[in-house]
Amino acid sequence: MSGRPLATGETRAGWLFTAPALALIGVFFFVPVIGGLLLSLTDFDIYAIGDPHAVRVVGLANYGQLLNQPLFWKALGNTFYFVALGGPLSVLASLSAALLVSQRRVRFPGLFRSIFFMPVVTTLVAVAIVWRYLYHPQYGLVNAGLALLHLPAVDWLGDPRWAMPAIIVMTVWKNFGYNMLIFVAGLQSIPEELYEAAALDGAGAWSRFVHVTLPGLAPTFLFVGVTTMLGMFQMFSEPYVMTQGGPLKATTTIVLLMYEEGFRWWRLGLAAAIAFVLFVIMLLGTLLQMRLQRDRA
Amino acid sequence: MKKGTGSAILLHAALIAAGALTLIPLAWMVSASFMPAGEANSFPPRLLPSAPTLEHYTTLFTRLQVWRHLLNSLIVAGLGTCAALVINGMAGYAFAKLRFRGREATFRFLLLALVVPAQVGMLPLFLMLRSMGFVNTYVGAIVPFLASVFGIFLIRQYALAIPDDLLDAARVDGAGELRIFARIVLPVLTPILVTLAVFVFLSAWNDFMWPLIVLSDERKYTLPVALANLSGEHVQDTELMMAGSVITVLPVVILFLALQRHYMRGVMMGSVKG
């Protein structure tokens, strides 16, 4: 802020201009979030929807119930599996694509960038349906491709061992373009002189990549890592459309479980507790990544 | 120069292979949508229709009334985008340029919202909208897109570059703040407003979980919800489902291709730490 005293007209305008946004975010975001915490401490269920007076405060009973529910642990495990395998794969795909399109000799870099980015803008539900057919054990293109390579056919979405990896592949395909773009921006921000200096020191391509490119991308890695992880923890539509959480609950994620408890069985208190567990995990995940990144720096 | 030719060919081969892998699912979706019924389920898989047909599109628009869902999606995404531009545009500018007490603290508080997943508030929001009578209405479906911290952040980053002197000169001339915003600020902000418009439109159009929760009447469904619903009944009708997917995806792909520069700038700006 400048040293100029605050003008009353400007102050009034400032609050006036921000009032609609603040009111909307306050009423439709912050209030529900606090409401969610309170809801998770009650036994709000289908009866309470008809008669709100039937709601009782049950303290941490919902959380206790979750800890004793095998399906909750299964969903938690599935979600971690998805994040732990899908996250690094997705970042690796994005970085590779970014390195490819950023080479100075590439013809039509804009065209390739647009192609790689295309899946990002498509509607998740629509492409999830497309992939469900691509994964068809008999008629799907994926198994046809495997057959070309003389690999055995896989019942991708019907086999509990393969359903989650199948969803991960489709998610990587859908999202890698987004982080690719962010890596491209990160690569552009590395000063050319650093590469020249490294070349003068006799560093080869690999050595330049390890000693100039990777350290130069450190802030980008943090951003990409955190946002990718946060997005993946919230996976919902893919299993909802492709597998309904099956087979044998192998693709039931935390958010899918929350949706089913909350909006199929109307156990809103329990569902709110699931949402809060997710929130805490995401917060811890973010702090952990920031800590790791700082220690390395 | 000669030494580089081989690696340049390898580089482009890799790019073309990756590009083809990226496009195959979308190309197959389009191709299968024109296949006669049953042809997409043949062995070995067909890549192109033997006799292209529009029958699935006709079925969707006549018997299955997909135009209704197309219209719903347009209304939700269109209205949401218009409202978001006004609300986030004004707020983003104010947080960047208007000097008022509590500005920095308020903005920092807003940024807190970025670490909270939307799902945490979804259940109470549903109950809230239900008591307000907004469940199963367009308003209910639009609510989450009206104001967003990301939108405010995006506009603010861009508006920071507007010179104070320009605004102060207008104030000296006696112009009111609203007039300054409309006459001086809006033209400067136009490019970033286009960026925000594409962002909001795409996310409202593509959103699934919230409209699935808040819209209960089939006639109110947006395209993604209608499509997911349809895929349950018509799971065997591969070609029909592909035509439905094309109808859902095509508008956003066209919008992206037309305005991709603006959209990509938003992605890159969003990644810059404020």
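Which loop of chain A holds A:P247? A:P247 sits in the loop that runs between α12 (237-242) and α13 (254-264) of chain A. We will come back to that loop below, after a look at the whole predicted model.

## Two helical chains

Let's start with the overall make-up of this predicted model. Chain A contains 14 helices and 0 strands, and its pattern along the sequence is α-α-α-α-α-α-α-α-α-α-α-α-α-α. Chain B has 12 helices, again with 0 strands, and reads α-α-α-α-α-α-α-α-α-α-α-α from start to end. The radius of gyration of chain B is 24 Å, well over the 19 Å given by the globule rule for 274 residues, so chain B is more spread out than a compact globule.

How does chain A stand against a compact globule of 297 residues? Such a globule would have a radius of gyration near 19 Å, whereas chain A has 24 Å. If you are turning the model on screen, the C-alpha trace of chain A spans about 75 × 75 × 35 Å along its principal axes. For chain B, the C-alpha atoms fill a box of roughly 75 × 70 × 35 Å, also taken along the principal axes.

## The two domains of chain A

The domain assignment splits chain A into domain 1 (8-54) and domain 2 (64-296). Taken over C-alpha atoms, the centres of these two domains are separated by 32 Å. The domains do touch: 10 residues of domain 1 and 8 residues of domain 2 of chain A take part in the contact.

On the domain 1 side, α1 (8-39) and α2 (46-50) of chain A are the elements that give two or more residues. The largest share of that side comes from α1(A), with 3 residues. Sorted by class, the domain 1 side has 5 nonpolar, 3 polar and 2 charged residues.

## Where chain A meets chain B

Now for the contact between the chains, which takes 73 residues from chain A and 74 residues from chain B. Which helix gives the most to the chain A side? That is α1(A), with 19 residues. The residues on the chain A side divide into 55 nonpolar, 15 polar and 3 charged.

Here is one helix pair from across the two chains. α1(A) packs with helix α5 (residues 119-131) of chain B at an angle of about 100°, their axes 7 Å apart. The two helices are therefore roughly perpendicular to each other. From α1(A), the residues that meet α5(B) are A:F28, A:F29, A:P32, A:V33, A:G35, A:G36 and A:L39. Their partners in α5(B) are B:V120, B:G121, B:L123, B:P124, B:L125 and B:M128. This contact has 10 nonpolar, 3 polar and no charged residues.

## Helix pairs within each chain

Within chain A, take a look at helix α4 (residues 70-102) and helix α8 (residues 160-188). Their axes come within 6 Å and cross at roughly 45°; α4(A) and α8(A) are therefore oblique to each other. The crossing of α4(A) past α8(A) is right-handed. By class, their contact has 18 nonpolar, 8 polar and no charged residues.

Chain B offers another pair, helix α7 (residues 149-159) and helix α9 (residues 177-206), whose axes come within 10 Å and cross at roughly 165°. That angle is over 145 degrees, which makes α7(B) roughly antiparallel to α9(B). α7(B) passes α9(B) in a right-handed crossing. The contact is made by B:G151, B:L154, B:I155, B:Y158 and B:A159 of α7(B), together with B:L189, B:I192, B:T195, B:L196 and B:V200 of α9(B). It has 8 nonpolar, 2 polar and no charged residues.

## Back to the loop

What kind of peptide bond joins A:G246 and A:P247? The bond is cis, with omega about -10°. A:L248 also belongs to the loop between α12 and α13 of chain A. Although A:L248 is not a glycine, its phi is positive, at about 50°.

Both features are worth setting against the general pattern. Most peptide bonds are trans, and most residues other than glycine have a negative phi.

Conventions:
Residues are numbered from 1 along each chain as its sequence is written. Chains are lettered from A and ligands numbered from 1 in the order in which they are written. This is a predicted model: local features need pLDDT of at least 70, side-chain atom pairs count only at pLDDT 80 or more; totals for chains, interfaces and linings use all residues. Domain bounds come from an automatic or database domain assignment. Two residues are in contact if their C-beta atoms, placed from the backbone, lie within 7 Å. Helices (H or I, at least four residues) and strands (E, at least two) are DSSP runs, numbered from the N terminus. Ala, Val, Leu, Ile, Met, Phe, Trp, Tyr, Cys and Pro count as nonpolar, Asp, Glu, Lys and Arg as charged, and the others, Gly among them, as polar. Axes are lines fitted to C-alpha atoms, for helices over the stretch in contact, and angles run from 0 to 180 degrees between N-to-C directions. Angles under 35 degrees count as roughly parallel, over 145 as roughly antiparallel, 65 to 115 as roughly perpendicular and the rest as oblique. A crossing is left-handed if the near helix is turned anticlockwise from the far one by less than a right angle, and right-handed if clockwise. The radius of gyration is taken over C-alpha atoms; the globule rule is 2.2 Å times the number of residues to the power 0.38.
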